[in-house]
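Trainee: I would like a close look at a single part of this model. Please take one strand, go through its pairing, and then work outward to what surrounds that part.

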Amino acid sequence: MLINNLKIAWRNLLKNKGTAVINLIGLSIGIAACLIIGLYIHHEVNYDQNVQNRDNLFRLYGVLNEDGKIRKGTSFSANTASTIDKDFQEITNAARLMDSPLFYGAGGNEIRVEGTTKQFHEDGFTYADQSFLDMFEIPMVYGDRSSALSRPFSIVISQKIAEKYFGSENPVGKSIYLNGRDTIPYSIGGVMENFPSNSHLEYDFLITLTEVEFGAGEQTRWLQSNYDTYLEVAPGTDIAQLQKKVSDDIIIEYMVPAFEAVGSVMANTIKDQAYLVMQPISDIHLYSGDISDRQARGDIKYIWMFGIVAIFILLIAAINFINLSTAQSANRAKEVGLRKVLGSGKGNLIGQFLTESILVSFIAFVLALLLVQGSLSFFNTLAGKSLALPYTSTNFILIFLGSALVIGFIAGIYPSFYLSAFNPIKVLKGKLRLGSKSGGLRSSLVVFQFTISATLIIGTLIINNQLNFILNKEVGFEKDQVLQIYGTNLMGQQVETFKNEIKSISAVADASISDYLPIEGTKRNGNSFWNEGKAQVDERVAGQAWVIDEDYLNTLGMELIEGRNFMKDRASDGQSVIINQTMAQQLNLENPVGKKITRGGNQTYEIIGIVKDFNFQSFRQVVEPLSFFAGISPSIVSVKVNTENIASVLQQLEAVWTKFNPDLDFRYDFMDQSFAAMYDNVSRIRTIFTSFAVLAIFIACLGLFALSAFVVEQRSKEMSIRKVLGATTEDIFGILTRNFVVLVLFSLVIAIPISVYLMQKWLQDFAYRVDLNWQVFVLSALIILGIGLLTVSYHALRSSLANPIRNLRNE
């Protein structure tokens, strides 16, 4: 029976090639979209699943309600981890990571392998405890995991770094040098396997924290917070109860007394408005959007959004199948009638029609695999991933086959019952033309298709507007024709000579030395500030403290609205500060120039200037308080050029670079590109949304095109009679397109409020955002109406221009 059903199904596909092709194209594209998004979602939700002990590992973060502003962060004091490990028997181990580029060695470094002279830049450095290797059970290629970081100045490198610099030999025991410090060798204690692409740990170098101290007393100072803290708990522990105990212990027993010891009113704020959270490591990637850390992360909201969109695209394709199957009912009515007369039961007919839909589904799934294979590299580039089809996975094969069966069943179940219900007597007497009278369901499904398509189009336009707004908004500094030269810290005391020499190039307008720039990936230093004498009275103002030179403001085109800039040879500027408008406002300073503020509770500086606010963080955040201090932070030299001949300037800059740094490649970025890179995630979302919108509207239009063909065919005699009775070509065209246009308009009425709600939710993530203006919705309506009208116009126009005699000659 099954073989016979398959044969008949195959013959029907060949007989109705046009419909079959449209169904296969729509379903295969929809399935391909689902497969790609499914691979992406699987990758994202399985972050850190490679860690065997993941269910017992947690990252600590703190929550502070500071005057109604909720701050969440992962930075804790150096002794937090050891204190928790000591105070709670439920904690079996604790470890620290410290990857802030504020401290020497973390972030990026220039490295040299012993026995060579060439310097190379590498990112992915972090400080780590030996216990970190043990807790995460880091697999080792070479070396003993239990002692790889136990000795001072030891380092563990990843397998790819080992292969890059040492080939196939075992590098354990060899040394590398950082940033030209040839007197401090870091001995390689082990080679670890590369962290997988779906790990929140993205490091290639682990530097030991054994006997490391960033400043005198830093390892025991509770009020200096720079370390991420990881905890391992005993299996079966009540996490909620332990979290409450840890929070109360650390805050009440240690942090509050530390603040009280320095007379800070923060003691009461911390006591009443702060608590600690133990976050499972498997939640870090997708559930840390509002947590201040230094991790690249995803967002669970986008996982849900992409998943829903992919399912909707598949539904649009399935709707095409349902609509076209029911629209063809008149063509298959006699087949059903004859088979019923010859003894076929309703169950047999349902089985036959389901076999046809499942066959189409299986063919579409095979075509979808080919589409995914061909487009996956593009998606990987777009999403910054390295996804691949797991052909050898048994689970994948079972899911693939099961999905093909389920989708075929779902798409075919309604047409099967609909077609099998025909009355054979009425059919064979020619009294039944149900294909033209089942329009209610088909119209509803068309509205559903175009509602989804319209929502995606509106979303795409709004995301595009937001990204353009971000990239073109006045940010308060000049990012165009500014480039950053990296690795200048290797020059030591010669870095100022280097700066002066490049300033002598005619095409260079100015240059500045500072690692603190208004783009991601550069240094940040959070501090607490008070008006002079108020550190033990007022609540702090949290802000950034940046070290800059006297040319910084001019190089980046920042506007000094009051006071003066730093002066190179003015010794008193070492005790001076320039603040932004936001810091002046939060410190409640009127006429702030000449006033003094306290940093960190014990360092007092005189305000000599006010700089106009500029965006130094993502547009997701408001401008925060910022202060500038005079000094040299020498890893980056920013250069402002005044010519369009960038290639010539780069050649001259590289020539000067080679003179000072012959053993390190010239490495630079343009600031406008670095600024745009801060919004790569938004750009990717825009491209993905655009792609989905195009796919959705294409599949919907495929179905609409075929559906309009059937409707026009079924109404051909009616239109011919109208023409004979005097109807014009325009009249016929209007009659045939009016219903489809009404459906598209109705879908817009539904899509617009849905889009407004969803996009308002998305835009809430940005402190600076576009308004939802009416032009976006008008443009979306014109696009969707134009596409819909163009789709049905071909058949409508063809019918309106046809000779009516051809359709009436048999009447």
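Mentor: Strand 1 (residues 57-66) pairs with strand 12 in the antiparallel sense, over 3 bridges. This is a predicted model, and what follows should be read as such. Within that pairing, arginine 59 has tyrosine 230 of strand 12 as its bridge partner.

Strand 12 is the part to follow. Strand 3 (residues 76-77) also pairs with strand 12, again antiparallel, here over 2 bridges. Phenylalanine 76 is the residue that stands opposite tyrosine 227 of strand 12. Strand 4 (residues 91-98) runs antiparallel to strand 12 as well, and 6 bridges join the two. Alanine 94 has its bridge partner in strand 12 at leucine 231.

Next comes burial. Strand 12 covers residues 225-233, and 8 of its 9 residues are buried, so the strand is largely enclosed by the rest of the structure. In a regular strand, side chains alternate between the two faces of the sheet.

Tyrosine 230 leads on to a residue outside the strands. Histidine 200 is in contact with Tyr230, and also with Tyr47, Asp48, Ile281, Ile284 and Gln295, leaving aside neighbours within four places in sequence. Histidine 200 sits in the loop between strand 10 (186-192) and strand 11. Its relative accessibility is 1%, under the 20% limit, so histidine 200 counts as buried. The C-alpha atom of histidine 200 is separated by 9.8 Å from that of glycine 298, a residue 98 places away along the chain.

One of the contacts of histidine 200 is Asp48, which has a backbone feature to note. Aspartate 48 is not a glycine, yet its phi is positive, at about 65 degrees. Aspartate 48 belongs to the loop between helix 2 (17-45) and strand 1. With a relative accessible area of 0%, aspartate 48 is buried.

Glutamate 211 can be set beside aspartate 48. Glutamate 211 is not a glycine either, and has a positive phi of about 60 degrees. Its place is the loop between strand 11 (205-208) and strand 12. Glutamate 211 has 71% relative accessibility, over the 50% limit, and therefore counts as exposed.

Now the nonpolar cores. The largest nonpolar core has 110 residues, and those with the most contacts inside it are Phe306, Phe450, Tyr552, Met558, Phe614, Phe628 and Phe692. A second, separate core has 26 residues, among them Phe58, Ile251, Met266 and Ala267. Returning to the largest core, phenylalanine 628 touches Trp546, Ile548, Tyr552, Leu553, Met558, Phe566, Ser576, Val577, Ile578, Val611 and Phe614, not counting residues up to four places away in sequence.

Last is the surface. Trp304, Ile308, Ile311, Phe312, Leu315 and Phe448 form a nonpolar patch there, with about 570 Å² of accessible area together. Helix 8 (residues 300-327) gives the most to this patch, with 5 residues. Leucine 315 lies in helix 8. At 35% relative accessibility, between the limits of 20% and 50%, leucine 315 counts as partly exposed.

To put the part back together: strand 12 pairs antiparallel with strand 1, with strand 3 and with strand 4. Tyrosine 230 of strand 12 is the bridge partner of arginine 59 and a contact of histidine 200. Of the two residues with positive phi described above, aspartate 48 is buried, whereas glutamate 211 is exposed.

Key: Residues numbered from 1 in each chain as written. Predicted model: local features only at pLDDT ≥ 70, side-chain atom pairs only at ≥ 80, totals over all residues. Heavy atoms only, no water. Core = buried A, V, L, I, M, F, W, Y, C linked by side-chain atoms within 4.5 Å. Buried < 20%, exposed > 50% of the residue type's maximum accessible area, 1.4 Å probe, protein only. Contact = heavy atoms within 4.5 Å. Patch = residues over 30% accessible without salt bridge, like charges linked within 9 Å, V, L, I, M, F, W, Y side chains within 5 Å. Areas by Shrake-Rupley, 256 points an atom, 1.4 Å probe, with all protein chains shown as cover. Salt bridge = Lys/Arg side-chain N within 4 Å of Asp/Glu carboxyl O. Helix = DSSP H or I, 4+ residues; strand = E, 2+ residues; numbered from the N terminus. Pairing = 2+ DSSP bridges.
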